[in-house]
Amino acid sequence: MGVFDIVGPVMIGPSSSHTAGAVRLGKMARTILGEAPVAVTINLYGSFARTYKGHGTDKALVAGLLGFSAEDTRIKDAINLAAQANLHVTFRIVEGGDFHPNTAQMQLKGISGKSVKVTGASIGGGRIVITQIDGYDVEITGDYYTLITLHQDKPGIIAMITQILAQQNVNIAFMKVSRKQKGVQALMVLETDHPIPEEVLAAISPVPAIESALLVKPL
């Protein structure tokens with residue numbers, strides 16, 4: 001157990017799970033979208049659903065969607081700041097479901113019309129885990145440099161990507177590959193011990209089998 005586990009993160013708000021973790025969830029969803037969101041629908045589950053206003057979870061999630069950090073003093077004004085930024089956010093309370101008690105499912109639409117659905121949970125001490133992206137099961141903590149690829153589910157693609165990382169001397173810490181149907185598409189998440197150079201994206205993005213690729217820095 002480290003100091004972080006004992007005292008929690010530096011943050012604005014009454015609860016690390018409901019404030020710091022919620023900010024990180026919103027910020028990670030914005031990062032995965034890859035651009036500024038203009039409309040977001042947020043489904044809240046469990047404890048988030050019951051106490052989101054009293055604990056400021058709504059403000060924290062919106063602050064993250066605006067790109068704020070958990071230490072940002074503007075969190076308390078996030079709802080108004082979102083309106084000023086033409087970001088429309090809708091909250092929905094959802095009963096039931098097999099989810100962690102502090103779960104938010106966010107459907108985001110960006111300025112270009114791009115959309116993504118991100119599901120994640122605040123698991124304590126300001127820590128989070130993203131559990132789904134557009135229905136693909138994932139496990140993203142926001143603690144590592146991360147490469148996310150959506151690619152055709154065919155032999156050689158994963159080997160090609162990991163070889164490119166090896167050539168850049170990037171060590172893989174964790175890896176998860178998810179698919180909805182065999183032989184169609186797969187979504188891969190690689191969390192690494194080292195920063196991932198832009199050269200990696202430059203090398204894999206032109207490959208026809210790679211439909212999208214995104215680099216995510218630690219939150």
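How do the residues of the lining of the largest pocket divide into nonpolar, polar and charged? In this predicted model, the lining comprises 10 nonpolar, 5 polar and 4 charged residues. The setting of this pocket is best described after the two domains and their sheets, which are taken in turn below.

The domain assignment of the chain gives two parts, domain 1 with residues 19-134 and domain 2 with residues 145-216. Their centres, taken over C-alpha atoms, are separated by 26 Å. The contact between the two takes 5 residues from domain 1 and 5 residues from domain 2.

One open sheet is formed by 6 strands in the order β2-β1-β3-β4-β5-β6, and its pairing is mixed. The edge strands are β2 and β6 (136-140), each of which pairs on one side only. On average, and with direction ignored, neighbouring strands of this sheet are turned by 20° against each other.

Within this sheet, strand β1 (residues 37-45) takes part in pairings of both senses. With strand β2 (residues 88-93), β1 pairs in the parallel sense over 6 bridges, and Ala39 stands opposite His88 in β2. With strand β3 (residues 102-110), by contrast, β1 pairs in the antiparallel sense over 8 bridges; here the bridge partner of Thr41 is Gln107 in β3. Strand β3 is in turn joined to β4 by 7 bridges, and these two strands run antiparallel. In that pairing, Thr103 has Ala121 of β4 as its bridge partner.

A further open sheet consists of 4 strands in the order β8-β9-β7-β10, with antiparallel pairing. Its edge strands are β8 (172-178) and β10, and each pairs on one side only. Neighbouring strands of this sheet are turned by 10° against each other on average, again with direction ignored. Strands β7 and β9 run antiparallel and are joined by 8 bridges; the bridge partner of Ile148 in β9 is Val189. Helix α6 (residues 157-167) packs on the sheet and touches β7, β8, β9 and β10. The direction of helix α6 makes about 150° with that of β7.

Against this background, the position of the largest pocket can be stated. The pocket has a volume of about 360 Å³. It is lined by 19 residues, and the closest to its centre are Ile32, Lys114, Val116, Ile133 and Ser212. At least two residues of the lining are supplied by each of α2 (16-33), β4 (115-124), β7 (145-152), β9 (185-192) and β10 (210-216). Among these elements, β4 belongs to the sheet of 6 strands, whereas β7, β9 and β10 belong to the sheet of 4 strands.

Where does the largest pocket lie with respect to domain 1 and domain 2? Because domain 1 (19-134) and domain 2 (145-216) both give residues to the lining, the largest pocket lies between them.

Notes. Residues numbered from 1 in each chain as written. Predicted model: local features only at pLDDT ≥ 70, side-chain atom pairs only at ≥ 80, totals over all residues. Heavy atoms only, no water. 1 Å grid on protein atoms, 1.4 Å probe; cavity = no way out; pocket = protein on both sides within 12 Å on 5 of 7 lines; lining within 4 Å. Points joined across faces, edges and corners; volume = space filled by probe spheres on them. Nonpolar A, V, L, I, M, F, W, Y, C, P; charged D, E, K, R; others polar. Domains from an automatic or database assignment. Pairing = 2+ DSSP bridges. Axes fitted to C-alpha atoms, helices over the stretch in contact; angles between N-to-C directions. Contact = heavy atoms within 4.5 Å.
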